[in-house]
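This report introduces a structure to a reader who has not met it before. Please keep the sequence and the 3D view at hand while reading.

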Amino acid sequence: MDIKAADYLIFDEESGTYIENPEQIVRDDVEKHYWRNVAKTVIKDWRLYLMLVPMIAVFLLWRYLPMYELLGCFKQTEDAKTVAEQYYSGFSYFRTLLFGTGNAELSMQFMRAFRNTFLLSFYGLVFGFPVPILIALFFNEIRSNITRSIYQVLTYLPKFMSTVVMTSLVIMLVKQGSDTSGMQPGVISQMLSHLGLISTEAAYGGLLNNPAFFRAIYQISGIWEGAGYDSIVFFAAIIAISPTSYEAAQIDGAGKLSQMRYVVLPMIFSTIVIMLITRIGSLLNVGYEKVLLLYNANTYVTADVVSTFAQRNGIAGALKGMASAAEMLSNIIGMLLVIGANTIARKASDVSLY
Amino acid sequence: MRRKLEMSELIFRLLSYLLLTMFAVACLYPFVYTLSSAVSGYNEVRDSTIVLLPKNVQFDAFRDVFNDNVFWNAYTNTLFLTFYGTIWEMILSVLGAYALSKKRLLFRKTFNFFLVFTMWFSAGLVPQYLNYLATKRAFQGIGIMDDKWLVVIAMGMQAMNIILLRNAFEKVPSEIEEAAIVDGATEMQVLSKVYLPMSKSILATVALFFGISRWNGYFWARQMISSANEQPLQVYMRLRLEEYSDPELTTNWQLSHSYAPDSVIYALIICSIIPILVIYPFIQKYFAKGVNVGGVKE
């Protein structure tokens, strides 16, 4: 800030001389003693600040401190040494991952994992995102509160099952069969093969051993798990619409489709945008636990995502620096996606999440 | 007077009921199937001939699960992790969210950003793993040998839930708080006597989220808890599933068992979801409200 002499001296008309400006003295004092004033406020209100301490400490220790370990991306991995003691190796891991320097196989796997991550999320967005909106619209059609509650309880339920329970069910429902011992494949495989949707060989081979089915299984189980629960937000937006809006539309002769188009859609549009931002933001954030529990060596082609790639090479394997580098690349792009989606939404429609 | 429905409205309503019923049945069916398979005989489960109702009923799978000490051990461990984990997270989150909801807090934006940033960017699995390993060594250094405490203290804490709580606390009218302060309430009394009773539904919701994620926790527990005795139920279930997917092990199974190996997994699934099913209806009405109140903020 530019300080002018006029800020300090003002002309006092009574005495006819220049005197010091009392306001500027206060302003000056505030600026000079900024930290002392902060300390005073904190000490006076210490209980409030003490309440923050444990939460901040947990986030610092177990959310922010791991970011320091990211230094390992630029250092030669040696398990016996801490990340501070390891030797720098520059961008060699990134060169290997992106351009295949030194290890073309690993680079191929990383690129495949990156593509799979993106595709799993993208298909989730395309197929998974509209379903909760539809379910919310359907809920709105049920007039009886009791009936609706029953439907809600049932459809929210899968959300509260653990990933282990859900994946165990999937594994057993589409398990492989065997011709020799007469063992039949899982019940869902049998149904699908009776309906002619999959071949008998595919059913007997086990759907989870076949890369062609992994994405479909992932998406369908995802919709089964989350669609009912995710409809809560949309349903809340729909029941907030005043009944008079529908009545007005009905008097004007609007059928159901026109009511949807001109009454419901505009009213829930901001909710849809917000939920869309969240989804786009987490486009590179695939639930690694689910993939880890569902995939196997046969399905790496379509199932391996960046997190599971990192888990295999960095936690189960010894390539810690390489695995960190892989995940950091994907996480940084993911963060740019969140910020980008949010900025675009804010510019376009005055709705933003953060 | 009721208006007669138009054709298009009638069709849409019928379609709604039809599709919702289908979806609800699809949500319920796997659980009914699980229960039926847990109590069906060897051949029926092995060949997946059960469609809805159990065939050749046996309760040996449940009996053997209940007679297994490792199972009860795992169950107790899960209860331990859920109980202490939820309490730990609730205390920290409520205190932090209360402070963050106060306009007079200095550097409020900085603290908020500090939380929100963890939702945008995380270091990733491997750095997290190394960090937990270091924490584990530190805990052992100060004499905490039980890895369950590591899981309770170091894991969990989701920024999203703290933000939900903060938004709910911000909606409490400041006049009530001022009245309490005039009456001589301290900061803790304002929190416990004014804020907590006024935000019951969001507290129930957040506690449910924390509790469920503790009950369902799998990956880090499996990575970080080294002693088999300390593993929670989810890990135990997965280990049994992996064990039984080995065909070698199951060849002689029929000689000593009246049920298929899969029935054990089905029985374990039933045992692990029963507590959730019991609590869920009581708390369901709160969370629909709580999520609506705090979820979307423009």
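The sections below treat the chains, the contact between them, one helix pair and two loop residues.

## The two chains

The model is predicted. Chain A contains 18 helices and 2 strands, whereas the secondary structure of chain B consists of 16 helices and 0 strands. In chain B the radius of gyration is 25 Å, well over the 19 Å given by the globule rule for 298 residues, so chain B is more spread out than a compact globule. For chain A the radius of gyration is 30 Å, while a compact globule of 354 residues would have a value near 20 Å.

The table sets out further values for each chain.

| Property | Chain A | Chain B |
|---|---|---|
| C-alpha extent along the principal axes | chain A: about 110 × 75 × 40 Å | chain B: roughly 75 × 75 × 35 Å |
| Buried residues | chain A: 37% of 354 residues | chain B: 39% of 298 residues |
| Contacts at least 24 apart, among those at least 6 apart in sequence | chain A: 58% | chain B: 72% |

Chain A also has a domain assignment, which gives domain 1 as residues 5-65 and domain 2 as residues 105-349. The C-alpha centres of domain 1 and domain 2 of chain A are 50 Å apart.

## The contact between the chains

How many residues does the contact take from chain A and from chain B? Chain A contributes 72 residues and chain B contributes 75 residues. On the side of chain A that touches chain B, helix 4 of chain A gives the most, with 14 residues. That side of chain A divides into 46 nonpolar, 18 polar and 8 charged residues.

## A helix pair across the contact

Two packed helices are described by the distance between their axes and by the angle between those axes. Helix 4 of chain A covers residues 46-69, and helix 5 of chain B covers residues 108-120. Their axes come within 11 Å and cross at roughly 40°. Is the crossing of helix 4 of chain A and helix 5 of chain B left-handed or right-handed? This crossing is left-handed.

From helix 4 of chain A, the residues A:Leu52, A:Phe59 and A:Arg63 take part in the contact. They meet B:Phe111, B:Phe114, B:Leu115 and B:Thr118, which belong to helix 5 of chain B. By class, the residues of this helix contact comprise 5 nonpolar, 1 polar and 1 charged.

## Two residues in a loop of chain B

The loop between helix 2 (42-46) and helix 3 (60-66) of chain B holds B:Ser48. Phi of B:Ser48 is near 50°, which is a positive value in a residue other than glycine. B:Asn56 lies in the loop between helix 2 and helix 3 of chain B, and phi of B:Asn56 is near 55°, again a positive value in a residue other than glycine.

Why does B:Ser48 count as buried? B:Ser48 has 25 C-beta neighbours inside 10 Å, and a residue is buried if 20 or more other C-beta atoms lie within 10 Å of its own. B:Asn56 has 15 C-beta neighbours inside 10 Å and therefore counts as partly exposed, since that class lies between the limit of 12 or fewer for exposed residues and the limit of 20 or more for buried ones.

Terms used:
Residues numbered from 1 in each chain as written. Chains lettered and ligands numbered in written order. Predicted model: local features only at pLDDT ≥ 70, side-chain atom pairs only at ≥ 80, totals over all residues. Axes fitted to C-alpha atoms, helices over the stretch in contact; angles between N-to-C directions. Helix = DSSP H or I, 4+ residues; strand = E, 2+ residues; numbered from the N terminus. Left-handed = near helix turned anticlockwise from the far one by under 90°. Contact = placed C-beta atoms within 7 Å. Nonpolar A, V, L, I, M, F, W, Y, C, P; charged D, E, K, R; others polar. Rg over C-alpha atoms; globule rule 2.2 N^0.38 Å. Domains from an automatic or database assignment.
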